[in-house]
Amino acid sequence: MIHVVTEENGRLYEAEFAALRNLTEGLARAALRLEPGSVHLLALDGGGAPEFACRFRPTDLGGRIPDALAHMVAAGPASIRAAEVWERTRIYAAPHICGPDPVQRRRCGELRLAVLEEAAERGVRRIVELVPCSGLVETLRSGWRARLLGLPAAVDGVAMVAVEVDASAEAAAELRERLACGPSRRLRLKAGDARWSAPPKEIETFLEAAQQLGPGQLEPLLVALRAAVEDDQES
């Protein structure tokens, strides 16, 4: 599953974001700030460690491309500064993400799909982001409807190019068809009460197991779990 993290539920992910701060630096680390209007997508590996993270933020609230790198947009920054245009910042991707193995490729496809579906559900029509020139071909072949916004330029010593991605519901449906899969599995945890909040990975694991149950099996399981917890607390 891919976790959707916002300012509202961010405190549930303090340990995961602390781990990400140790894995990143500079602008990627700065993008971990949980601000009003921003949305983070976070994927965790089997042990609960971060394996992928990115941030979305509406460009009309400000962004690196429209503010500091406007020269990389041929049509000018006004063309991408709107409530329905969001800037995506890549924060972290584990080395094993998007490898040649079929399982890795499917995981990478799920992450790309989650990006489009989350954006489309929030009324976003276009996503803009910086892509290293070394990864441009992969981006254009990824199944996204992507186009260049301007010429490449050096950003922090790396040749980059600004890219726009169609984030419409139609684009997401097209990617689902290409990947031959259903909607991405995204988890939106509510902040809740800290007294019962479990680590996000544990909740994710439980939900995935619960989804394998047949009709009518979940409620008996929850009853049994409550009884087990009460017995444990009394002992």
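Leaving aside its neighbours within four places in sequence, which residues is T89 in contact with? Select T89 and display the residues around it: outside those four places, T89 is in contact with A31, C54 and R55, where contact means heavy atoms within 4.5 Å. Before going further, note that this is a predicted model, in which local features need pLDDT of at least 70 and side-chain atom pairs count only at pLDDT 80 or more, while totals for chains, interfaces and linings use all residues. Residues are numbered from 1 along each chain as its sequence is written, and side-chain values use heavy atoms, with hydrogens and water left out.

**The whole chain**

Zoom out and colour by secondary structure, which shows 8 helices and 9 strands in the chain; helices (H or I, at least four residues) and strands (E, at least two) are DSSP runs, numbered from the N terminus. The radius of gyration of the chain is 19 Å, close to the 18 Å that the globule rule gives for 235 residues, so the chain is as compact as a globular protein of that length. That radius is taken over C-alpha atoms, and the globule rule is 2.2 Å times the number of residues to the power 0.38. Along the principal axes, the C-alpha atoms fill a box of roughly 65 × 35 × 30 Å.

Of the 235 residues, 44% are buried, a word that stands for under 20% relative accessible area, with exposed meaning over 50% and partly exposed in between (1.4 Å probe, protein chains only). Among contacts between residues at least 6 apart in sequence, 70% join residues at least 24 apart.

**Strand β3 and its partners**

Now select residues 50–58, strand β3, which is mostly covered, with 9 of its 9 residues buried. Add residues 39–44, strand β2, which runs antiparallel to β3 and is joined to it by 6 bridges; two strands count as paired if DSSP finds at least two bridges between them. Within this pair, A43 stands opposite F52 in β3. Following the chain from β2 to β3, you pass through a hairpin with 5 residues between the strands, and in its turn G48 has a positive phi of about 90°.

Next add residues 85–93, strand β4, to which β3 is joined by 7 bridges, again in the antiparallel sense. Here R57 stands opposite E87 in β4. The opening residue, T89, also has its place in strand β4, and T89 is buried, with a relative accessible area of 19%.

Return to β2 and pick L41, which is found in that strand and is buried, with a relative accessible area of 1%. Apart from neighbours within four places in sequence, L41 is in contact with I2, H3, V4, F52, A53, C54, F56, A114, V115 and E118. A distance label drawn between the C-alpha atoms of L41 and C98, which lie 57 residues apart along the chain, should read 16 Å.

As a general point for viewing such strands, side chains in a regular strand alternate between the two faces of the sheet.

**Strand β8 and its partners**

Move to β8 (158–166), and show it together with residues 126–132, strand β5, which is antiparallel to β8 and joined to it by 7 bridges. In this pairing, the bridge partner of L130 in β8 is A162.

Then add β6, which pairs with β8 in the antiparallel sense over 3 bridges, and select L148, which lies in this strand (residues 146–148). L148 counts as partly exposed at 41% relative accessibility, and its bridge partner in β8 is V163. Not counting residues up to four places away in sequence, L148 touches L136, V161, A162 and V163. From L148 to L130, 18 residues apart in sequence, the C-alpha to C-alpha distance is 10.0 Å.

The next strand to show is β7, which pairs with β8 over 3 bridges in the antiparallel sense, with M160 in β8 as the bridge partner of A153.

**Two loop residues with positive phi**

Where does the chain pass from β7 to β8? It does so in a hairpin with 2 residues between the strands, and D156 in the turn has a positive phi of about 55°. D156, which is not a glycine, counts as exposed at 62% relative accessibility.

For the last stop, select A180 in the loop between α6 (169–179) and β9 (186–187). Phi of A180 is near 55°, a positive value in a residue other than glycine, and A180 counts as exposed at 62% relative accessibility.
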